[in-house]
Amino acid sequence: MPTNTVPSVALVLGSILVPGSGLCLAIGVARSRGWLTFAAASLGCGFVATASISLLLALVGLLNLPALVIGWILLSGITWFTAIRSRAWRGYIEAWRRDVAADPWATITAAATVVAFAAVRWTYPPIANMGATAMRYWADALEIADHGGIPASTLQWGTLLRPATSKSALNAFNGSMSLLSGQDPLPAMGILLFIVSVGLVLVVMAVFTELGIRRLAPIGALFLFANQALGSELTADLTRNLAENWGRLSAFTGMLLAVVLLSRATGGAEEDADGIPSGTAEIVLTGWVLGATAAIHLVAAAVGALFVGSYMLARIM
């Protein structure tokens with residue numbers, strides 16, 4: 001991508017990571033895990049949070065830049081204030097230090113994989129998004145952004161069509177991103193494709209790591225999302241900014257949260273300092289992420305829910 005897109009990438013990525021990391025810190029997501037799990041959860045939860053705010057604003061007809069900024073500041077401010085006040089970040093830093101010290105080579109390999117994959121994806125031409133499916137959903141997003149909400153119909157190819165409500169959260173999210181990065185489809189979708197591509201590799205590596213295959217996690221992620229040799233469908237879908245990619249990011253995030261939560265589940269429920277049973281907020285967050293995935297891509301949501309149910313049954317057995 002051109003170097004002049006760096007500020008736009010930073011802006012869009014920041015609008016996702018800042019509320020996502022604050023949310024994870026405030027709730028205590030992956031508090032005893034490594035940096036990879038926290039980074040992946042922050043990115044995925046930040047996307048779902050931004051998409052949820054965008055959808056809520058669209059439903060009440062207030063999707064515009066001032067309202068979006070207010071919603072973003074409220075969520076980020078509340079979560080970061082809670083995290084800083086509880087000094088939760090200290091426990092995270094100590095957990096990351098222990099994780100790196102326990103297996104420095106795995107840490108170096110994971111970090112190098114993310115950096116190398118991001119460098120390769122940065123060279124991907126935005127014009128590759130010039131496809132009917134990607135352009136259709138971007139057009140829906142622009143209609144929502146221009147209308148300030150979900151319109152009854154959209155004018156496309158000379159005819160009135162109903163907006164794709166099955167992906168309403170994603171369309172509202174894309175509409176919000178168009179307010180930040182501009183309505184020109186190719187540069188904007190190029191930025192989003194770069195972020196979701198790197199995010200998928202990051203989240204899938206975290207899932208593999210939490211499932212106990214830490215050192216092979218980078219290979220597994222690259223096999224799924226950088227596998228040109230075998231023509232993987234997951235790899236092929238990353239050639240364009242498709243709804244499938246964002247649905248998978250959200251679904252894998254829900255799977256990651258569920259694996260972390262279930263792996264440390266015990267017979268007795270501990271309580272936090274405020275009297276809330278430990279893990280309750282994480283359960284709510286996991287359900288929210290998986291539920292929101294249904295408004296992003298229903299097939300991805302079904303696969304994520306099936307995985308979580310199967311993993312829970314396996315741990316019970």
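This section describes the overall dimensions, the nonpolar core and selected residues of a predicted protein model.

The fold contains 13 helices and two strands. For 317 residues, a compact globule would have a radius of gyration near 20 Å. The value found for the protein is 19 Å, which agrees with that expectation. Along the principal axes, the C-alpha atoms occupy a box of roughly 60 × 45 × 40 Å. Half of the chain is covered: 50% of the 317 residues are buried. Contacts across long stretches of sequence are frequent. Of the contacts with a separation of 6 or more, 76% join residues 24 or more positions apart.

The accessible surface amounts to about 14500 Å². Carbon and sulfur atoms hold 69% of that surface. The protein carries 17 positive and 16 negative charges. Their mean positions lie 5 Å apart.

The interior was examined next. The largest nonpolar core comprises 79 residues. Within that core, the residues with the most contacts are F47, F173, M205, F225, W246 and F252. Helix α8, spanning residues 185-210, is the main contributor to this core and supplies 18 residues. F173 illustrates how these contacts are distributed. Beyond four places in sequence, F173 touches two other residues from the list of most-connected core members, F47 and W246. The remaining partners of F173 are I16, T50, A51, S54 and L192.

Helix α7 covers residues 168-181. Two of its residues, L170 and S178, were considered in turn. L170 has a relative accessibility of 2% and therefore counts as buried. Its contacts outside the four-place window are F47, A243, W246, A295 and I296. F47 and W246 are thus partners of L170, and both are also touched by F173. A further pair links L170 to V48. These two residues are 122 residues apart in sequence, yet their C-alpha atoms are 9.2 Å apart in space. S178 is also buried, because its relative accessible area is 4%, under the 20% limit. Neighbours within four places aside, S178 is in contact with W138, L142, A145 and Q183.

Helix α2 runs over residues 35-59. A58 is placed in this helix. With a relative accessibility of 3%, A58 counts as buried. Not counting residues up to four places away, A58 touches L63, I144, G148, G149, I150 and A172. A58 and R264 are separated by 206 residues in sequence and by 38 Å between C-alpha atoms.

Ahead of helix α2 lies the loop that follows α1 (6-27), and A30 is found there. The phi angle of A30 is near 55°, a positive value in a residue other than glycine. A30 is buried, with a relative accessible area of 1%. P7, in helix α1, presents the opposite case. Its relative accessible area is 56%, over the 50% limit, so P7 is exposed. The C-alpha atoms of P7 and A101 are 34 Å apart, with their positions 94 residues apart along the chain.

Helix α12 (residues 280-293) includes L290. The relative accessible area of L290 is 17%. That value falls under 20%, so L290 is classed as buried. L290 touches A251, G254 and M255, as well as A301, G304 and V308, with residues up to four places away not counted. L290 and L57 are 233 residues apart along the chain, and 20 Å separates their C-alpha atoms.

Taken together, the residues examined include buried positions in helices, among them L170, S178, A58 and L290. A30 adds a buried position in a loop. P7 provides an exposed position in a helix.

Technical notes. Residues numbered from 1 in each chain as written. Predicted model: local features only at pLDDT ≥ 70, side-chain atom pairs only at ≥ 80, totals over all residues. Heavy atoms only, no water. Helix = DSSP H or I, 4+ residues; strand = E, 2+ residues; numbered from the N terminus. Rg over C-alpha atoms; globule rule 2.2 N^0.38 Å. Buried < 20%, exposed > 50% of the residue type's maximum accessible area, 1.4 Å probe, protein only. Contact = heavy atoms within 4.5 Å. Areas by Shrake-Rupley, 256 points an atom, 1.4 Å probe, with all protein chains shown as cover. Lys, Arg positive; Asp, Glu negative; His and termini not counted. Charge placed at Lys NZ, Arg CZ, Asp CG, Glu CD. Core = buried A, V, L, I, M, F, W, Y, C linked by side-chain atoms within 4.5 Å.
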